[in-house]
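Q: Please go through this model and say what each label rests on. For each term, set the value against the cut-off and then conclude.

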Amino acid sequence: MPVPLAPYPTPPAPYSPPAANGAQSQLVCSGCRNLLMYPVGATSVCCAVCNAVTAVPPPGTEMAQLVCGGCHTLLMYIRGATSVQCSCCHTVNLALEANQVAHVNCGNCRMLLMYQYGARSVKCAVCNFVTSVGGSATAAEQKFNS
């Protein structure tokens, strides 16, 4: 005769301390570089993956993000910084504000490229084609822009 199975107990809801109006924010773990969510008002966050404790920036500090050019790790930094050093590969990355960059399509593969204002050319990371962005257009650019 089959034995009846008992239903699985419902797991308890994970504890999260109450935050002001339930608001949450996020930052990158200083240990494993995972994105962490935390309640507004916390002063530090313990990562559930690697147990590293990451300090929360003071309230009112605007943060920005960029992807490291060396190892492609997501980096968070205080908005307004001019450069950010990656804690994984130690590459120093330029931190440009939105008004300091421009966009152009690659003259070869048409990938949208971002470059710093004032640059004369930009090299595509996908196909390595160098697209001129200042002065006269190259023959390849003229072909794709017509």
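**Labels and the values behind them**

A: In this predicted model, Asn105 stands opposite Leu112 in β10.

Q: What makes β9 and β10 a pair of strands?
A: Pairing needs at least two bridges. Strand β9 (residues 101-105) and strand β10 (residues 112-116) are joined by five bridges and run antiparallel, so the requirement of at least two bridges is met. The two strands form a hairpin with six residues between them.

Q: What is notable about the phi of Arg110?
A: Arg110, found in the loop between β9 and β10, has a positive phi near 70° although the residue is not a glycine. Most residues other than glycine have a negative phi. Arg33, in the loop between β1 and β2, also has a positive phi, of about 70°, and is not a glycine.

Q: Why is Arg110 called partly exposed?
A: The relative accessible area of Arg110 is 33%. Buried would require a value under 20% and exposed a value over 50%, so Arg110 is classed in between.

Q: How do you know that Met111 is partly exposed, and what does Met111 touch?
A: Met111 lies in the loop between β9 and β10 and has a relative accessible area of 39%. That value falls between the 20% and 50% limits, so the label is partly exposed. Leaving aside neighbours within four places in sequence, Met111 is in contact with Val104, Asn105, Cys106, Cys124 and Val126. Met111 and Val126 are 15 residues apart in sequence, with their C-alpha atoms 7.8 Å apart in space.

Q: Why is there no bond between the sulfurs of Cys127 and Cys106?
A: The sulfur of Cys127 is 3.6 Å from that of Cys106, its closest cysteine sulfur. A disulfide needs the two sulfur atoms within 2.5 Å, so this pair is too far apart for a bond. The structure holds zero disulfides.

Q: Are Cys106 and Cys127 buried or partly exposed?
A: Cys106 has 0% relative accessibility, which is under 20%, so Cys106 counts as buried. Cys127 has a relative accessible area of 27% and is therefore partly exposed.

Q: Why is Thr54 called buried?
A: Thr54, in strand β4 (residues 53-55), has a relative accessible area of 8%. The limit for buried is under 20%, so Thr54 meets it.

Q: What makes the approach of Thr54 to Ser30 a polar contact?
A: A polar atom of the Thr54 side chain lies 2.9 Å from the backbone nitrogen of Ser30. The cut-off is 3.5 Å, so the distance satisfies it. Not counting residues up to four places away in sequence, Thr54 touches Leu27, Val28, Cys29, Ser30, Leu36, Ser44 and Val45.

Q: Which residues form the largest nonpolar core?
A: The largest nonpolar core has 10 residues: Leu27, Val28, Cys29, Leu36, Tyr38, Val45, Cys47, Ala52, Val56 and Met76. The elements giving two or more residues to this core are β1 (24-28) and β2 (35-39). A second, separate core has eight residues, including Cys68, Leu75, Val84 and Ala95.

Q: How confident is the predictor in the chain?
A: The mean pLDDT is 77, and 75% of the residues reach 70 or more. Over residues 135-146 the pLDDT is below 50, and this stretch has 10 contacts in the model beyond near neighbours in sequence. Where pLDDT is low, the predicted coordinates should not be read in detail.

Notes
Residues are numbered from 1 along each chain as its sequence is written. This is a predicted model: local features need pLDDT of at least 70, side-chain atom pairs count only at pLDDT 80 or more; totals for chains, interfaces and linings use all residues. Side-chain values use heavy atoms; hydrogens and water are left out. Helices (H or I, at least four residues) and strands (E, at least two) are DSSP runs, numbered from the N terminus. Buried means under 20% relative accessible area, exposed over 50%, partly exposed in between (1.4 Å probe, protein chains only). A polar contact is a pair of N or O atoms within 3.5 Å; within protein, one must be able to donate a hydrogen and the other to accept it, and residues adjacent in sequence count only if both atoms are side-chain atoms. Contact means heavy atoms within 4.5 Å. pLDDT is the predictor's confidence in each residue, from 0 to 100. A nonpolar core is a set of buried Ala, Val, Leu, Ile, Met, Phe, Trp, Tyr and Cys residues joined through side-chain atoms within 4.5 Å.
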